[in-house]
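Subject: Handing over a structure, with notes

Dear colleague,

I am passing on the structure we spoke about, together with some notes for someone coming to it without background. Please open it alongside this message and read the two together.

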Amino acid sequence: MAPLSPERRNERLKATRAVAAALLDDISHLKATVSTIPDQSTMRRISPLLRRIIVDCELSMVAAPREPELNILTVDNSPFYQALPPFRIFLSGNLGFGFRLRAVKLEPTSTIQCSNELIGLKLESFAKQKLIYFDGKWITRSDIIKYVANYCSGIHSGVPDNAESRILSRVRRFIRLSVVNGIPEAVFDPDGPYIINDEFNFSDKRIDPVMNEIYLTAYFITISPDISKLCDYIRKELSTL
C-alpha cells in the first residue's frame with residue numbers, strides 16, 4: 001500500500017476516529033477474554049467482534065493512517081502448506097497454556113519439521129491464513145470467524161450452506177481434542193458419534209478445534225506489539241480532542 005499524503009492521512013484519521021475509539025474497547029474486551037479460561041459461549045460472543053475488525057476490515061481501516069505497517073503475530077504454518085498432499089487433516093492450533101498442539105495426521109512415511117516460533121503477518125494475510133485442512137480443502141481464519149458468527153449463534157444460527165462451513169461442521173464432529181495428564185491429544189474418528197463439545201475449556205478434557213481457533217485469533221491480536229502501539233496512538237490522539 002502506497003503511503004498516504006499528509007492531507008489524505010488527516011482525512012482518514014478524522015473519518016475513522018469513532019471506529020478507533022470503539023477498537024480500543026474491543027481490544028480491552030479481547031484481553032479480558034483471553035486472560036481467563038473461556039467456555040464455548042464466550043467464543044461465540046466474541047465472534048461478531050472478530051468478524052467486524054478482521055473480516056469486515058475495521059482494524060485495517062483504523063491502522064491505515066496510524067500504524068500502516070501493522071503486523072499481527074501468529075504461528076508459522078508454511079512448512080505444512082509446502083508438505084501437501086501427504087496430509088489427511090491439519091489443525092493449526094498452538095495453545096499458549098504451557099504446551100503446544102499442532103494436530104496433524106500424515107501418511108505413515110511422512111515427517112514435517114516446524115517451529116513454534118511466532119511470525120508477524122500483515123492484516124490481510126492474517127485474515128487469509130490457512131488454519132485447518134480437512135476433506136481435501138484448506139479453511140482460513142476468515143472462514144472460521146464467519147462460520148462461528150453466522151452459523152453457531154455468534155450473530156445468527158442456521159444450517160451450513162457453503163463448502164467451508166460444512167467442512168467446519170465436520171471438523172467439530174469428527175475431530176476431538178483433549179488434554180490427558182497434561183498431554184494434548186487429537187483423535188480423528190470419522191465413524192464416531194455426532195458430538196459437538198458442550199464446554200470449551202483448556203483445563204478440562206475436551207477442546208473444540210474450531211472454537212480453539214477463535215480463541216487463538218483473539219489471543220494473537222492481544223499479544224501483538226503493533227496492536228499495543230496502535231492502541232497507544234489512539235489513546236494519545238483521543239486525549240488531544
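What follows is an account of what was found, going from the whole chain to its helices, its core and a few single residues.

Please keep in mind from the start that this is a predicted model. The chain contains ten helices and nine strands, and of its 241 residues, 45% are buried. Among the contacts with a separation of 6 or more, 68% are between residues 24 or more positions apart.

A convenient place to begin is helix H2, which covers residues 17-34. Its 18 residues should span 26 Å at 1.5 Å a residue, and the C-alpha atoms at its ends are indeed 26 Å apart, so the expected and computed values agree. The buried residues of H2 are Ala20, Leu23, Leu24, Asp26, Ile27, Leu30, Thr33 and Val34, and these pack against helix H3 (40-55), helix H4 (58-63), H9 and helix H10 (225-239).

The packing of H2 on H3 can be described further. The two axes come within 11 Å and cross at roughly 150°, and the crossing in which H2 passes H3 is left-handed. On the H2 side the contact is made by Leu23, Asp26, His29, Leu30 and Thr33, while H3 contributes Thr42, Met43, Ile46, Leu49, Leu50, Arg52 and Ile53.

Serine 28 also belongs to helix H2, and because its relative accessibility is 43%, it counts as partly exposed. Although serine 28 and cysteine 231 are separated by 203 residues in sequence, their C-alpha atoms are 9.7 Å apart in space.

In the loop between H3 and H4 lies cysteine 57, whose phi is near 70°, a positive value in a residue other than glycine. As background, most residues other than glycine have a negative phi. With a relative accessibility of 38%, cysteine 57 counts as partly exposed.

Turning to the interior, the largest nonpolar core has 53 residues, and those with the most contacts inside it are Leu30, Leu50, Ile53, Leu59, Ile132 and Ile221. Helix H9 (residues 209-223) gives the most to this core, with eight residues. In soluble globular proteins, nonpolar side chains tend to be buried together. H9 itself is largely enclosed by the rest of the structure, because 13 of its 15 residues are buried. From its first C-alpha to its last, H9 reaches 21 Å, close to the 21 Å expected at 1.5 Å a residue.

Isoleucine 132, one of the core residues named above, touches Phe90, Leu91, Lys137, Trp138, Ile139, Ile144, Leu168, Val171 and Glu213, when residues up to four places away in sequence are not counted. Strand E5, which comprises residues 130-134, is mostly covered, with four of its five residues buried.

E5 is joined by four bridges to strand E6 (residues 137-140), and the two strands run antiparallel. Within this pairing, phenylalanine 134 has lysine 137 of E6 as its bridge partner. The hairpin of E5 and E6 has two residues between the strands, and in that hairpin aspartate 135 takes a positive phi near 55°.

Threonine 140 is part of strand E6; its relative accessible area is 16%, and because buried means under 20%, threonine 140 is buried. Leaving aside neighbours within four places in sequence, threonine 140 is in contact with Ala127, Lys128, Gln129, Lys130 and Leu131.

Finally, helix H7 (residues 141-151) is largely enclosed by the rest of the structure, because nine of its eleven residues are buried. The buried residues of H7 are Arg141, Ser142, Asp143, Ile144, Ile145, Tyr147, Val148, Ala149 and Tyr151, and Ile144 also appears among the residues that isoleucine 132 touches.

With best wishes

Technical notes. Residues numbered from 1 in each chain as written. Predicted model: local features only at pLDDT ≥ 70, side-chain atom pairs only at ≥ 80, totals over all residues. Heavy atoms only, no water. Buried < 20%, exposed > 50% of the residue type's maximum accessible area, 1.4 Å probe, protein only. Pairing = 2+ DSSP bridges. Core = buried A, V, L, I, M, F, W, Y, C linked by side-chain atoms within 4.5 Å. Contact = heavy atoms within 4.5 Å. Expected span 1.5 Å × (residues − 1). Axes fitted to C-alpha atoms, helices over the stretch in contact; angles between N-to-C directions. Left-handed = near helix turned anticlockwise from the far one by under 90°.
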